Amino acid sequence: MSKYFSILLSLFVLIVVTFVVVNLKSDRVDIIKIPDIGEFEKKKTCAIQPLFLTKLRVPQPIAVDLSQQQYRGVAFLFGPNLSQSVHPKSWKRFDHFSSYILDPKGHMYLTPMPYITVEPNTFEFQKSIYKLNSNSGKLDIWTTLDEVKAGANNPFGLIALDYDCADDTLWVSAIDESSYTEAKGIIYHIDVQSKKILQRVEVIDALSVKLLESKKGKYLLTGSARDNKLYAYEIKNRELSSTPIELLELPDFNERVRKINIMGKNSLRLETIPFTYTLIAETGEEQSVRENYDVKWNPNLTVWEIKN
């Protein structure tokens, strides 16, 4: 009897030690298995900075500020500790912006962002994409999607975008009619030259979007506004699939992927915020609620590794 007891005790100790080791490791790296979308690299961008910055002799480095903290609208920061700025008064008239993308000519396209203080034009601003002209520096409405209807229950409209260098198009997401309980978001594929909507894919609440090309194909990565997951949608023949591929899940359910950056080979950086279709976390005033995760695809183990 004592012999069997010693064996059982040894097994129990081994299980406990294994459990402790696994949990200690998980504090550093969370590994989540997903469908394989292929290896990828960081590609050289086709975008350039607005040409008017060169005319103004603004020195490098230059940072784009959409934080809503010091400046209304968009600002370009430069100089020692980025202490100087280019921020004409005319750039304030459309309130704040959520995200931006640059094209090969240096034109900047921006999506709107409601501020915590709702003003008379706030909801109207959420249905347009804005353009900052590379040559003149003039900021104006580029196109308006009248079907986007932000309101008191959900003040968000168009929210994120990315530029496709291959075909001069924009991928833009809207979450205006969605709620905490119902997804009604849309992803638009828009031709830049004609401003024509090439495709609209419904029931996708994308808080962030990012194009990615891998060895297996082309994908649009999306950070969900509804859960703490990162998804991929395959693009074939310029058409976006409506079937999501779940890539990974963040450690905290309350986190949402707000920005997606491709950092290098098989590597992403995700900036996250809490999000509940309200303005509390999106004002930019509470930077402490934002988290950054370095995410790496391990092709040998076919897993994502997440580091905070």
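E202 is partly exposed, with 47% of its relative area accessible (buried means under 20% relative accessible area, exposed over 50%, and partly exposed in between, using a 1.4 Å probe and protein chains only). E202 pairs up with R200 in a salt bridge, the closest N and O atoms being 2.6 Å apart (a salt bridge is a side-chain nitrogen of Lys or Arg within 4 Å of a carboxyl oxygen of Asp or Glu). R200 counts as partly exposed too, at 36% relative accessibility. Elsewhere, R72, D95 and E119 are joined into one network by salt bridges that share partners.

A word on the ground rules: this is a predicted model, where local features need pLDDT of at least 70, side-chain atom pairs count only at pLDDT 80 or more, and totals for chains, interfaces and linings use all residues. Residues are numbered from 1 along each chain as its sequence is written, and side-chain values use heavy atoms, with hydrogens and water left out.

**The chain as a whole**

- The protein chain has 3 helices and 21 strands (DSSP runs numbered from the N terminus, with helices being H or I of at least four residues and strands being E of at least two).
- Of its 308 residues, 48% count as buried.
- Take the contacts with a separation of 6 or more: 51% of them are between residues 24 or more positions apart (a contact means heavy atoms within 4.5 Å).
- About 16100 Å² of the protein chain is exposed, and carbon and sulfur atoms supply 53% of that area (accessible areas come from the Shrake-Rupley method with a 1.4 Å probe, and for residues only the protein chains shown count as cover).

**More salt bridges**

- Searching the whole structure turns up 18 salt bridges.
- One of them brings together the side chains of E213 and K43, at 3.4 Å from N to O. This pair links distant parts of the chain, 170 residues apart: E213 sits in strand β13 (residues 206–214), while K43 is in the loop between β1 (30–33) and α2.
- The two partners fall into separate accessibility classes: E213 is partly exposed at 39% relative accessibility, whereas K43 is exposed, with a relative accessible area of 55%.
- Another salt bridge joins the side chains of E124 and K127, at 3.0 Å from N to O.
- Here E124 counts as partly exposed, at 47% relative accessibility, but K127 is buried, its relative accessible area being 13%.

**Backbone oddities in the loops**

- Q60 and P61 are joined by a cis peptide bond, with omega at about 0 degrees. P61 belongs to the loop between α2 (51–55) and β2 (63–65).
- Q68 has a positive phi, near 70 degrees, and isn't a glycine. You'll find Q68 in the loop between β2 and β3 (75–78).
- Despite its loop position, Q68 counts as buried, at 6% relative accessibility.
- N266 isn't a glycine either, and its phi is positive at about 60 degrees. N266 lies in the loop between β18 (255–264) and β19 (267–274).
- With 4% relative accessibility, N266 counts as buried.
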